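The following note sets out several points for a colleague examining this structure. Aromatic pairs come before the remaining topics.

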Amino acid sequence: MSRFSGLLIFFALLASTLSSATTRYYYITAEDGIWDYAPSHRDLIHGIKMPLIWDQKTAFTKTRYFEYTDKTFTKQKPQPEWLGILGPIIRAEVGDEIIVDFYNRSARAHGIHTHGLRYDKKNEGGAYIPPGSGSTVLPNTHFIYHWFADEGSGPGPGDVSSVVWWYHPHLDEPIETNAGLMGPIIVTAKGKARPDGSPKDIDKEFVATFMIFDELQGLDAPGFGELTWQNRHMNDNTGQFYAINGYIFGNLPGLIMKKGDRVRWYLMGMGSEMDIHTPHWHGKTVRHETRNTDVIELLPASMTSADMVADNPGTWLFHCQVSDHLEAGMLATYTIYEPQTRACPLKYDNGNFWGGPDQDLSLTIKNDSLKTIKSVILTPAMFLSRLDLRTSSTEWILPKTVHPGGTEVLSQKNYLYDTKALMGWSFYPRVVQYTDGTKWEPKFPGECFHVFWRDREHPDLKVLPPLQIEVNAD
């Protein structure tokens, strides 16, 4: 091969590599608002009230990153509920350019500094001498950041197919991250990404950030009587929230995967010298670097990942193993559910669930099987909040014949609850008895469930959360 031919092949390969790179656009704001560390106002791990030190106040003014669909900044882009307080996931494949149109809607100046990606001084987002123009973005103004996912941004030798990095402000970084301004960047190796930038060899991804938020050092420190962070005793946790993605005591939603999923956990730490964390999974081990483990070490601003094969169905504890962090509520659960493998005998058409005490409640069901139903017993439960599911004291019974394709109404007197305060109702069959003497029973609790929400703006549930039955602490 001639030298000229070799050069042609080299430039052809280079052009091919460059042409396959993608420019990814993100429209991100910083916005002030209210964040609730425990929307249920309960310890959902143990089915009890939270300790008084945290139970008295859980909602505070925070500042967070949000993503919008386009440069008009009119329609907010939905994000997974498990991200919690974190900003949107910014994705790239090695070789890609990332352009972030940042619109600061907060009352204070902020910016975005990225870990891991390549940038010039203008796009660094760090406020120090000499400053770059992207370091301080004033309220109600824009700055457009240009970052690059070069070879050093992606997985290194021996790494899995994707790696995680931080982004956060760097004007007053400790205060701003404590306010909630932080989010993940996921970079996938060249040739191993789907069109959206996620790794091809993974079915499910979760980001879990372990951090102690301190409301006595917040942007709008509310104070707790005469207590401030300067005079707080070292053993006093007042104002401190030991959180996973901004939630405490099991209030983090959405860590759901189906049996058989290949799952990648991106683990991140942030905070102060107190933030030495050891995430621990019950029920499964993970592959971390070259070892199998179920505990991983995190320091402030650290970033790592672990892979799991979801092959052990159940709802399992996921928490920091540091003892005082565990006691202070740095706990969540994750669920591996069995996929639905058989047809359900019933469909749930509609119902009336929002009356007050002594009013009749009703539910219309349809026989979706090929056999005539003799009787039905349904197990009901009520959502007091998104993850607070309580069993009803009375099963719903239909002692009537329902032919295939037919419908029938079940009714129940409401003796106990002001149902207008409930978030939703769930039902699943405990037993369906057929006229031929056979019956259908669930293989696991919650099989063939259906939820009626009072407010329709709720995620579609793949599995019911555990019923809130009090258990002893682990």
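1. The model is predicted. Searching the whole structure yields 30 aromatic pairs. One of them, between F73 and Y103, is edge-to-face, with the centres 5.3 Å apart and 70° between the planes. Because F73 belongs to the loop between β2 (59–68) and β3 (90–93) while Y103 belongs to strand β4, this pair ties together parts that are 30 residues apart in sequence. F73 is buried at a relative accessible area of 4%, and Y103 also counts as buried, at 18%.

2. The rings of W281 and F318 are likewise paired, with centres 5.3 Å apart; their planes meet at 25°, so this pair is stacked. W281 is in strand β13 (residues 279–281) and F318 in strand β17 (residues 314–320), so that distant parts of the chain, 37 residues apart, are linked. Both W281 and F318 are buried. These two residues also belong to a cluster linked by ring pairs, together with W82, F206, F210, W265 and Y334. C320 is buried as well, with a relative accessible area of 0%.

3. Two charged side chains sit over rings. The charged end of K57 lies over the ring of F60, 4.8 Å from its centre. The charged end of R105 is placed over the ring of Y68, 5.1 Å from its centre.

4. Strand β4 (residues 97–104) runs antiparallel to β6, and seven bridges join them. F143 in β6 is the bridge partner of F102. Strand β6 (residues 142–148) has a covered face formed by F143, Y145 and W147, whereas H142, I144, H146 and F148 make up the uncovered one.

5. How many disulfides does a search of the whole structure find? The search finds one. The disulfide joins C344 to C448, with an S to S distance of 2.0 Å. The torsion about the S-S bond is about -90°, so the disulfide is left-handed. Because C344 is in the loop between β18 (331–337) and β19 (346–352) and C448 in the loop between β26 (439–440) and β27 (450–453), the pair ties together parts that are 104 residues apart in sequence. C344 is partly exposed, with a relative accessible area of 23%, whereas C448 counts as buried at 6%.

6. W425, in strand β25 (residues 424–434), is buried, with a relative accessible area of 3%. Beyond its neighbours within four places in sequence, W425 contacts residues including F353, W354, L361, W396, H450 and F452. The C-alpha atoms of W425 and W354 are separated by 9.7 Å, and the two residues are 71 residues apart along the chain. The side chain of W425 also reaches the backbone oxygen of F353 at 3.5 Å.

Note on methods:
Residues are numbered from 1 along each chain as its sequence is written. This is a predicted model: local features need pLDDT of at least 70, side-chain atom pairs count only at pLDDT 80 or more; totals for chains, interfaces and linings use all residues. Side-chain values use heavy atoms; hydrogens and water are left out. Helices (H or I, at least four residues) and strands (E, at least two) are DSSP runs, numbered from the N terminus. Buried means under 20% relative accessible area, exposed over 50%, partly exposed in between (1.4 Å probe, protein chains only). Contact means heavy atoms within 4.5 Å. A polar contact is a pair of N or O atoms within 3.5 Å; within protein, one must be able to donate a hydrogen and the other to accept it, and residues adjacent in sequence count only if both atoms are side-chain atoms. A disulfide is a pair of cysteine sulfur atoms within 2.5 Å. Two strands pair if DSSP finds at least two bridges between them. Rings of Phe, Tyr and Trp (its six-membered ring) pair if their centres lie within 6.5 Å; planes under 30 degrees apart count as stacked, over 60 as edge-to-face and the rest as tilted. A charge sits over a ring if NZ of Lys or CZ of Arg is within 6 Å of the ring centre and within 35 degrees of the ring normal.
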